[in-house]
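Biologist: I am new to reading structures and would love some help. Could you take a close look at the aromatic rings and tell me how they are arranged?

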Amino acid sequence: MGIRISGTGSYLPSRTVSNDEIERRAAYDRSRRRGLSLDEWAQAHHGGRRRHVAAPGEATSDLATRAAERALDDAGLPAGAVDLIVLATFTGDHRLPQAAAQVQDNLGSRAKFIQVDSACTGFIDALLVVQALLETGRYGTALVVAADVTSMLNDPADWLPQTVFGDGAGAAVVQPDPSGAGALFISTGSDGHLGRYVFVPGGGSRQPVSPEVVEQGLHYWRFRFSEITPWAIERMASATHDVVRRAGIRLEDVALIVPHQASQRIVDGYAEAIGYPRDRVLVTYPELGNISGASIPVTLDLARKRGCVSPGEWLLMPAVGAGMAWGAAAYRWSE
């Protein structure tokens, strides 16, 4: 059975934060970085210039709902036509209920909802779930949403993550395609032993929220950026080669690559590793930052709006993320 993406949508908070603004409020020491401003340093090291940040009181479900509504409008479908909602997020509005429940309610839908606790691979993971469920024949129309407010995990005193991460949401309406014109192949994998490359120590059952956790800043995330970069490039490249093989195509048959926007350095390193033309790899990182699982559907939606995607073309969507996890989807676009 074929799979068709019949609509896409995205939402980015209205507020943008520049590197200069972060430097003014965070403890950034130019003297330790050869006199470079934070903007100069960030652009040289990972390519980020600015990113969108949720307003106070603006939660993950708010972003997700706006993206979902736009995807449904693009598909020409009412919310009542949706049988299944799969939301990928690790920054839900509350511990319970799931943000997916709020999205369902906001849309006025009665669809079955599932929440996938994924970070940057969230869109690929959600597609994997939706593909499997659509193939059972039980569901006819699915809404795949990836949304995160990553800024909630940034330590205000730590300037580096603030220059990397942003907030946003992307969505896609996915339906069976009996004609077979729309084809979807997915390759995924995980390296759980490397899980602490991206780590939020506090707030879970191991170290529940307490005054001590908050005082020590254990509810903010920590990274091993120097180790993440080579791992990410290698895993994205290997997933790409595997999914191309699964799809029965060649890399030169792929018209466009829409990668997870981990950083400009990682995207450039990935393109070089697979020997793919750099001008056919879409990049939104300098202006949007790393918006976690939303980066692929947001970038895809922007590309469609700009007329970069044509029927019959193969698209490739690789991702890496916390866990550590990776994956890639090969999709033949079908109107």
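Modeller: Here is a walk through the aromatic rings, with a short stop at the cysteines afterwards.

Before we start, please keep in mind that this is a predicted model, in which local features need pLDDT of at least 70 and side-chain atom pairs count only at pLDDT 80 or more, while totals for chains, interfaces and linings use all residues. Residues are numbered from 1 along each chain as its sequence is written, and side-chain values use heavy atoms, with hydrogens and water left out.

Let's begin with pairs. Rings of Phe, Tyr and Trp (for Trp, the six-membered ring) pair if their centres lie within 6.5 Å; planes under 30 degrees apart count as stacked, over 60 as edge-to-face, and the rest as tilted. By this rule, there are 10 aromatic pairs. One of them joins Tyr28 and Trp159: the ring centres are 4.9 Å apart and the planes stand at 90°, so this pair is edge-to-face. The two partners come from distant parts of the chain, 131 residues apart, with Tyr28 in the loop between helix H1 (19-25) and helix H2 (38-45), and Trp159 in helix H6 (residues 159-164). Helices here are DSSP runs of H or I with at least four residues, numbered from the N terminus.

How buried are these rings? Buried means under 20% relative accessible area, exposed means over 50%, and partly exposed lies in between (1.4 Å probe, protein chains only). Tyr28 has 10% relative accessibility and therefore counts as buried; Trp159, at 9%, is buried too.

Now look at Phe223 and Phe225, which make a stacked pair, with 4.7 Å from centre to centre and 20° between the planes. Phe223 is buried at 18% relative accessible area, whereas Phe225 is partly exposed at 29%. Both belong to one aromatic cluster, together with Phe90, Phe165 and Trp221.

A ring can also have a charge over it: the rule asks for NZ of Lys or CZ of Arg within 6 Å of the ring centre and within 35 degrees of the ring normal. Here, the charged end of Arg235 sits over the ring of Trp326, 4.5 Å from the ring centre.

Finally, the cysteines. A disulfide is a covalent bond between the sulfur atoms of two cysteines. Counting a disulfide as a pair of cysteine sulfur atoms within 2.5 Å, the structure holds 0 disulfides. Cys120 is buried, at 12% relative accessibility, while Cys308 is partly exposed, at 36%.

How values were computed: Helices (H or I, at least four residues) and strands (E, at least two) are DSSP runs, numbered from the N terminus.
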